[in-house]
Amino acid sequence: MLKETLKWRAEYKPEEIRWEEVAHEAETGKIYRSNYIDKHGRTVLVMRPSCQNTKSTKGQIRYLVYCMENAILNLPPDKEQMVWLIDFNGYNLSHTSVKVTRETAHILQDHYPERLGMAILYNPPKFFEPFWKVVKPFLEPKTENKVKFVYSDDPNSKKIMEELFDMEKLESAFGGNDDSGFNISKYAERMREDDKRMPAFWTRGNPQSAEPHVDLNSLDLNSDSDASDNGKVDSSPSHVSDSETLSPSESVIVTKGSDNGSTEVH
């Protein structure tokens, strides 16, 4: 997985994605980093599957990767995981694509393993449950266990939100007291400032090069590998056509497994 991810990062160059390249994907607030953290100090990514505004699978996944990289950039030094808040308000089956979700899951689980601390599915409709059953097989058990279903009319599940967040800072859409909402202009300013920090983040300890050289062929990762390494695992995401629909909701699922991007069963 490490060798495949180093290869993927060398080719995809996720740390070089900048706001101007993906800004059009963010206009509706389908995925964004919140301006608050949870009580454990973890970055929070908000996802709204119903706000999908583009049809390019490649563009949607690239924006998801940008959001993942930005969330990691803003993690405190002692934290490695983030929280996903998925708002199902206005969601319907047209926002669901199993194929894209599966491809998104490849990226999230294979290239961002253990980055998800918890994924909260807020007010998912009843018809989402069958889709969830289809998605679960693509997720590792550890990832699946990080997914929590929360309903605004259920006092018991609401406790999850109160235990995780400062309700004064949490958005009203998730039961909190902050009514400010998503503002694309202000968010764009935040992202542009974060973009300026990205090069330094990836060159820490290696100021001579903006892109540390790694000889993949020199890596010997077999000596300490576990029994499962007896078989080769193909972690490369399969090709996806631009005609597929990718929605934040799928990202959610992927996130669960790993990624964000569309609703084809991450």
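These are my notebook entries on a core, some ring pairs and a few single residues.

**Entry 1: the model.** I am working from a predicted model.

**Entry 2: the core.** I looked up the largest nonpolar core and found 56 residues in it. Trp 19, Tyr 63, Trp 84, Leu 85, Met 161 and Phe 165 have the most contacts inside this core. I then asked which helix gives the core its largest share. It is helix H3, residues 57-73, with 10 residues. I noted the general background too: in soluble globular proteins, nonpolar side chains tend to be buried together.

**Entry 3: Leu 85.** I picked Leu 85 from the core and listed its contacts, leaving aside neighbours within four places in sequence. Tyr 36, Val 44, Leu 45, Val 46 and Met 47 are among them. Further along the chain I found Ile 120, Met 161, Phe 165, Leu 170 and Phe 174. Met 161 and Phe 165 also stand in my list of residues with the most contacts inside the core.

**Entry 4: ring pairs.** I looked up the aromatic pairs, and the structure holds 17. I opened the pair of Trp 19 and Tyr 66. Their ring centres are 6.3 Å apart and their planes lie at 45°, so I logged the pair as tilted. Where do these two residues sit? Trp 19 is in helix H2, residues 19-26, and Tyr 66 is in helix H3. They are 47 residues apart, so the pair links distant parts of the chain. Both residues are buried.

**Entry 5: a second pair.** I turned to Phe 128 and Phe 149. The ring centres are 6.5 Å apart with planes at 50°, so this pair is tilted. Phe 128 belongs to helix H5, residues 128-135, and Phe 149 to strand S5, residues 147-150. With their positions 21 residues apart, this pair also links distant parts of the chain. Are they buried or exposed? Phe 128 is buried, at a relative accessible area of 1%. Phe 149 is partly exposed, at 25%.

**Entry 6: a ring cluster.** I followed the ring pairs outward from Trp 19 and Tyr 66. Pairs link these two with Tyr 32, Tyr 63, Phe 182 and Tyr 187 into a cluster.

**Entry 7: a charge over a ring.** I checked Tyr 12 next. Arg 62 lies over the face of this ring, at 4.8 Å from the ring centre.

**Entry 8: His 111.** I ended with His 111, which lies in helix H4, residues 98-111. Its relative accessible area is 6%; the cut-off for buried is under 20%, so His 111 counts as buried. What does its side chain touch? I found a polar contact with the side chain of Thr 5, at 2.9 Å.

Terms used: Residues are numbered from 1 along each chain as its sequence is written. This is a predicted model: local features need pLDDT of at least 70, side-chain atom pairs count only at pLDDT 80 or more; totals for chains, interfaces and linings use all residues. Side-chain values use heavy atoms; hydrogens and water are left out. Helices (H or I, at least four residues) and strands (E, at least two) are DSSP runs, numbered from the N terminus. Buried means under 20% relative accessible area, exposed over 50%, partly exposed in between (1.4 Å probe, protein chains only). A polar contact is a pair of N or O atoms within 3.5 Å; within protein, one must be able to donate a hydrogen and the other to accept it, and residues adjacent in sequence count only if both atoms are side-chain atoms. A nonpolar core is a set of buried Ala, Val, Leu, Ile, Met, Phe, Trp, Tyr and Cys residues joined through side-chain atoms within 4.5 Å. Contact means heavy atoms within 4.5 Å. Rings of Phe, Tyr and Trp (its six-membered ring) pair if their centres lie within 6.5 Å; planes under 30 degrees apart count as stacked, over 60 as edge-to-face and the rest as tilted. A charge sits over a ring if NZ of Lys or CZ of Arg is within 6 Å of the ring centre and within 35 degrees of the ring normal.
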